[in-house]
Amino acid sequence: MCAATSPAVKLHDETLTYLNQGQSYEIRMLDNRKMGDMPEISGKLVKSIIRVVFHDRRLQYTEHQQLEGWKWNRPGDRLLDLDIPMSVGIIDTRTNPSQLNAVEFLWDPAKRTSAFIQVHCISTEFTPRKHGGEKGVPFRIQVDTFKQNENGEYTDHLHSASCQIKVFKPKGADRKQKTDREKMEKRTAHEKEKYQPSYDTTILTECSPWPDTPTTYANNSPSPAPTFTSSQQSTCSVPDSNSSSPNHQGDGVSQASGEQIQPSATTQETQQWLLKNRFSSYTRLFSNFSGADLLKLTKEDLVQICGAADGIRLYNSLKSRSVRPRLTIYVCQEQPSSATLQAQQQAAGSGGENGSGTPYVYHAIYLEEMVASEVARKLALVFNIPLHQINQVYRQGPTGIHILVSDQMVQNFQDESCFLFSTVKAENNDGIHIILK
């Protein structure tokens, strides 16, 4: 690409090139085959797709939402255009209204070919805060090239290359390049050795092909409405649901109603699980993910995709990390027949058994709130007692007195305390009192 690289890039880092919004930049299409390589394309046309995409991984995952937002703010505009009058050697250029960041064309590798592109989005349009002086996000220019298959369609991948860019408002790239150059001139000779020189042109380095399925581009049958595959997965690191989870179709039994998503969950069940757990804003992003695909993502992946708050929340939901209770107590309902034998049992040292020798069975009560009403609610839930029938909860104190269980008393319970409880009929109504012993 005929644009100078920044001089403020350290050695061994990828080059960075500054572009002006809307300005035409030449990309020279070169045939770099060695003698005898790929003779099947000699004398034939190839197809290239040029895209402007996000460099940042998190923005790659949310590309669809980002571009929809840009489209809403800039109706009728495209992120990337071809300057056809200035371009040389390109044939049958095509753009698609649903893909504002891509253009494609045919060209002959044996002839001089140059595609002049114009990038209309600027880097600061995708920064979260716009108060002035923000650091713009970097983009990538990527070129994917395909040859014809046996059916005459341009779907066989030949080569892909890309470079990192930042886009500024008109003339802004020139000012940024000048600023970087002046900063480097102030550095010592020793410091300058740590940085790359500025090159007059930008070399697009070889990379993995973009994950979209190439457009069907049949030979000698140009179509006025090419069929593009909509880009919702915008980085090669997104797992493919068909390959990473061979059994993800499952048996059709919905698992979305459970608290934890299962690896065998289908894509539809995964969508239901996301909705049920309040992740509706990410259903489109994860539309092709099975349960196994979602569970393979690391905490760092989810934070980069969803942001810190939602990423951590989604990670905890996937791993079924429940909130640790503030207090745990163990409770057993005292049988009426055992009440008269309690003193005898304690004297005989058999406090863990009832009169018939059967062990007492205790239930764990987990309190998220240290209040008396939470104790009553959890007791009602565990022992199937209608909550409206519980009038008061008492604790048996010294000499058998009944002490009202208050919030302050609950806050002073020791963790993992054990209680027997009995019920007595309330005096004034059909309700009951619970007595903890």
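A residue is called exposed when its relative accessible area is over 50%, and buried when that area is under 20%. The structure described here is a predicted model.

**Positive phi in two loops**

Most residues other than glycine have a negative phi. Two residues of this model depart from that pattern. Asn 384 has a phi near 55°, a positive value, and is not a glycine. Its place is the loop that joins α12 (372-382) to β13 (390-396). Because its relative accessibility is 70%, Asn 384 counts as exposed. Arg 278, likewise not a glycine, shows a positive phi of about 65°. Arg 278 belongs to the loop between α6 and α7, and its relative accessibility of 63% makes it exposed as well.

| Residue | Phi | Relative accessibility | Loop |
|---|---|---|---|
| Asn 384 | near 55° | 70% | between α12 and β13 |
| Arg 278 | about 65° | 63% | between α6 and α7 |

**The six-stranded sheet and helix α12**

Strand β13, which follows the loop of Asn 384, is part of an open sheet of six strands. The strand order is β12-β11-β15-β16-β13-β14, with mixed pairing. At the edges stand β12 (363-367) and β14 (402-404), each of which pairs on one side only. On average, and with direction ignored, neighbouring strands of the sheet are turned by 40° against each other.

Within the sheet, β13 pairs with β16 (residues 432-436) in the parallel sense, over five bridges. Tyr 394 is placed opposite Ile 435 of β16. Helix α12, on the other end of the Asn 384 loop, lies across β11 (327-333), β12, β13, β15 (417-425) and β16. Its direction is at about 145° to that of β12.

**Helix α9 and its cover**

Helix α9 comprises residues 308-318, and its buried residues are Gly 311, Leu 314, Tyr 315, Ser 317 and Leu 318. Viewed down the axis of α9, these residues fall within an arc of 165°, so they line one face of the helix. The cover over them includes α6 (267-276), α7 (291-296) and α8 (299-306). Two of these helices, α6 and α7, are the ones that flank the loop of Arg 278.

**Helix α3**

Helix α3 is formed by residues 172-186. Its 15 residues, at 1.5 Å a residue, should span 21 Å, and the end C-alpha atoms are 22 Å apart, which agrees. The buried residues of α3 are Gly 172, Ala 173, Gln 177, Asp 180 and Met 184. They occupy an arc of only 135° around the axis and therefore lie on the same side of α3. Their packing partners are β1 (16-20), β9 (154-168) and α4 (189-192). Arg 175, Glu 185 and Lys 186, by contrast, are exposed on the other side of the helix.

**The surroundings of Gln 118**

Gln 118 is a residue of strand β7 (residues 113-119). With a relative accessible area of 17%, Gln 118 falls under the 20% limit and is therefore buried. Its side chain makes a polar contact with the side chain of Ser 24, at 3.0 Å. When residues up to four places away in sequence are left out, Gln 118 touches Gly 22, Gln 23 and Ser 24, together with Leu 79, Leu 80, Asp 81 and Asp 83. Ser 24 thus appears both among the touching residues and as the polar partner of the Gln 118 side chain.

Note on methods:
Residues are numbered from 1 along each chain as its sequence is written. This is a predicted model: local features need pLDDT of at least 70, side-chain atom pairs count only at pLDDT 80 or more; totals for chains, interfaces and linings use all residues. Side-chain values use heavy atoms; hydrogens and water are left out. Helices (H or I, at least four residues) and strands (E, at least two) are DSSP runs, numbered from the N terminus. Buried means under 20% relative accessible area, exposed over 50%, partly exposed in between (1.4 Å probe, protein chains only). A polar contact is a pair of N or O atoms within 3.5 Å; within protein, one must be able to donate a hydrogen and the other to accept it, and residues adjacent in sequence count only if both atoms are side-chain atoms. Contact means heavy atoms within 4.5 Å. The arc is that of the directions from the helix axis to the C-beta atoms. Two strands pair if DSSP finds at least two bridges between them. Axes are lines fitted to C-alpha atoms, for helices over the stretch in contact, and angles run from 0 to 180 degrees between N-to-C directions. The expected span of a helix is 1.5 Å times one less than its number of residues.
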